[in-house]
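Reader: I should like to understand the terms used for this model. Please set each one against its definition.

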Amino acid sequence: MLPAAHRLRRPADFGRTVRRGARAGRSTVVVHLLVDDEGAETPQVGFVVSKAVGNAVQRNLVKRRLRAVVRSLLTDSPDGLPSRARAVVRALPASSTATYAELSQDVSGALAKATRRAAAPVPRPA
């Protein structure tokens, strides 16, 4: 379980992060990341694991693995989530057969790419 301060709970926060955030995908997950001045100081993360992933047992296993991966990124990684960041990690059907190591590699790679995209300046139309 993630600490309460790091959990994304409200549907409006999920929707805003998915709509406005930078997106990065891998074979097992898609990560949406939004650095928001209105948000909490600590980074917050939410998870979406649909029925396409598998039955309830498979979905819960994937959710537990994803939470463990993100928890380790929140505490151990120097290049983890920036403060005031909101992230939504969406599991793809391939995540049901992936190992913990594969999920960990995909989540950290997608978060790093989404962080770079979120920090990049937005081009303005002329």
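Author: The protein chain has three helices and four strands, and along the sequence they follow the pattern α-β-β-β-α-β-α. This is a predicted model, in which local features need pLDDT of at least 70 and side-chain atom pairs count only at pLDDT 80 or more, while totals for chains, interfaces and linings use all residues. Residues are numbered from 1 along each chain as its sequence is written, and side-chain values use heavy atoms, with hydrogens and water left out.

Reader: What makes a run of residues a helix or a strand?

Author: Helices (H or I, at least four residues) and strands (E, at least two) are DSSP runs, numbered from the N terminus. Helix α3, for example, covers residues 100-119 and includes Arg 117. Thr 115 is also found in helix α3.

Reader: Why is Asp 13 called buried?

Author: A residue is buried under 20% relative accessible area, exposed over 50%, and partly exposed in between (1.4 Å probe, protein chains only). Asp 13 has a relative accessibility of 7%, and therefore counts as buried. Arg 16, at 16%, is buried as well. Of the 126 residues in the protein chain, 40% are buried.

Reader: Why are Thr 115 and Arg 117 called partly exposed?

Author: The relative accessible area of Thr 115 is 25%, so this residue is partly exposed. Arg 117 has 44% and is therefore partly exposed too.

Reader: How do you know that Asp 13 and Arg 16 form a salt bridge?

Author: A salt bridge requires a side-chain nitrogen of Lys or Arg within 4 Å of a carboxyl oxygen of Asp or Glu. For Asp 13 and Arg 16, the distance from N to O is 3.4 Å, so the definition is met. The two residues are three apart in helix α1 (residues 11-20), which means that about one helical turn separates them.

Reader: Which other residues does Asp 13 pair with in the network of salt bridges?

Author: Arg 10 meets Asp 13 at 3.9 Å, N to O. Arg 86 also forms a salt bridge with Asp 13, the closest N and O atoms being 4.0 Å apart. Because Asp 13 lies in helix α1 and Arg 86 in strand β4, this pair ties together parts that are 73 residues apart in sequence. Both Asp 13 and Arg 86 are buried. The structure holds three salt bridges, and Arg 10, Asp 13, Arg 16 and Arg 86 are linked in a network.

Reader: How do you know that strands β3 and β4 pair, and in which sense do they run?

Author: Two strands pair if DSSP finds at least two bridges between them. Strand β3 (residues 44-48) and strand β4 (residues 85-91) are joined by five bridges and run parallel, so they satisfy that condition. Val 45 stands opposite Ala 87, and Gly 46 opposite Val 88. Strand β2 (residues 29-35) pairs with β4 over seven bridges in the antiparallel sense, and Val 30 has Arg 90 as its bridge partner there.

Reader: What makes strands β3 and β4 largely enclosed?

Author: In β3, four of the five residues are buried, so the rest of the structure largely encloses this strand. In β4, six of the seven residues are buried, and the strand is therefore largely enclosed as well.
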